Amino acid sequence: LSKDLRRQLNNTVADARKIAEEGAEQSLHRLAVDVSRAHDALTKEETKLRVSLRAHAKQLGDRLDQRPVRLIQAVAYEHWHQLLFARFLIENDLLLRPEHGVALSLDEVKEIALGENREWVEVAADYAQRMLLRRVFQPDDPALRVSLSPEKRQQLEAKLNSLPRELFLAVDSLGWVYQFWQKDAKKAVNESEVKIGADELAPATQLFTEDYMVLFLLENTLGAWWTAKRRAEGKDTKLLGYEWTYLRLNDDGSPAAGSFDTWPRTTREL
């Protein structure tokens, strides 16, 4: 991502988190998740959902007699990232029509959704689940069964639509998204100077790992293992079509990270 696109993404994600958390809190309050007794206006399905959400809040570490902060964050996170990830799939021609295996455009997904009287992201999520992306689009997640108000959904979609197509095509965009989502929380943790505990761990440490960091880690683990193994066999340590950039070697040519002798000796076994 260029600096300008990164700045735009940073601002958009920060705004989206605020909108999503406001919408999540409103919807959870309407479902009486934050009070001890459900009100009579809830339907049978909403009452069942309320029970699931309160159990989920407790699982996340919220106290049921207080504002469910973790549940609010979870609902906000899931709704924004489902929208965002659906667009990443569509813009990269990766969302396929199940019966034909043909990539769908955003307009085509919206047309299908209109015909089925559903939100376009619901259709995208349905197709993504059939593509075995259930870890991203989890149909049974109670956080995703919370409906945000039409106003908040429109605001989130407006933020999503403000992002240019090239942003969805950049290889590092998703990584920056997750870091920017935690930016304000990380700043608050750092400024508070509290001891890092379970609540502070994610925002304080969830950082985007840039390509050179990934390469350094790979070359000094897998690369070191390969180099040591090939040296022991008296063979060339070069890889076909790949130049070591970050692999650290001792003066005698052995890997500085060690030889990883306890690992399997063949690539297939590894």
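In the predicted model, Glu 116, Arg 118, Asp 126 and Arg 130 are joined to one another through a network of salt bridges. Within this network, the contact between Arg 130 and Asp 126 has an N to O distance of 2.9 Å. Both residues belong to helix α5, which spans residues 120-130, and because they are four residues apart in that helix, about one helical turn separates them. Asp 126 has a relative accessibility of 19% and therefore counts as buried, the limit being under 20%.

A salt bridge is likewise formed between the side chains of Arg 87 and Glu 91, with N and O at 3.1 Å. These two residues both lie in helix α3, where a spacing of four residues places them about one turn of the helix apart. Arg 87 is buried, its relative accessible area being 6%, and Glu 91 is also buried, with a value of 12%.

Glu 25 and Arg 67 form a further salt bridge, in which the closest N and O atoms are 2.7 Å apart. Since Glu 25 is located in helix α1 (residues 3-30) and Arg 67 in the loop between α2 (44-60) and α3 (69-91), this pair ties together parts of the structure that are 42 residues apart in sequence. Glu 25 is partly exposed, with a relative accessible area of 31%, and Arg 67, at 48% relative accessibility, is also classed as partly exposed. The pairs described here are among the 18 salt bridges counted in the model.

How values were computed:
Residues numbered from 1 in each chain as written. Predicted model: local features only at pLDDT ≥ 70, side-chain atom pairs only at ≥ 80, totals over all residues. Heavy atoms only, no water. Salt bridge = Lys/Arg side-chain N within 4 Å of Asp/Glu carboxyl O. Buried < 20%, exposed > 50% of the residue type's maximum accessible area, 1.4 Å probe, protein only.
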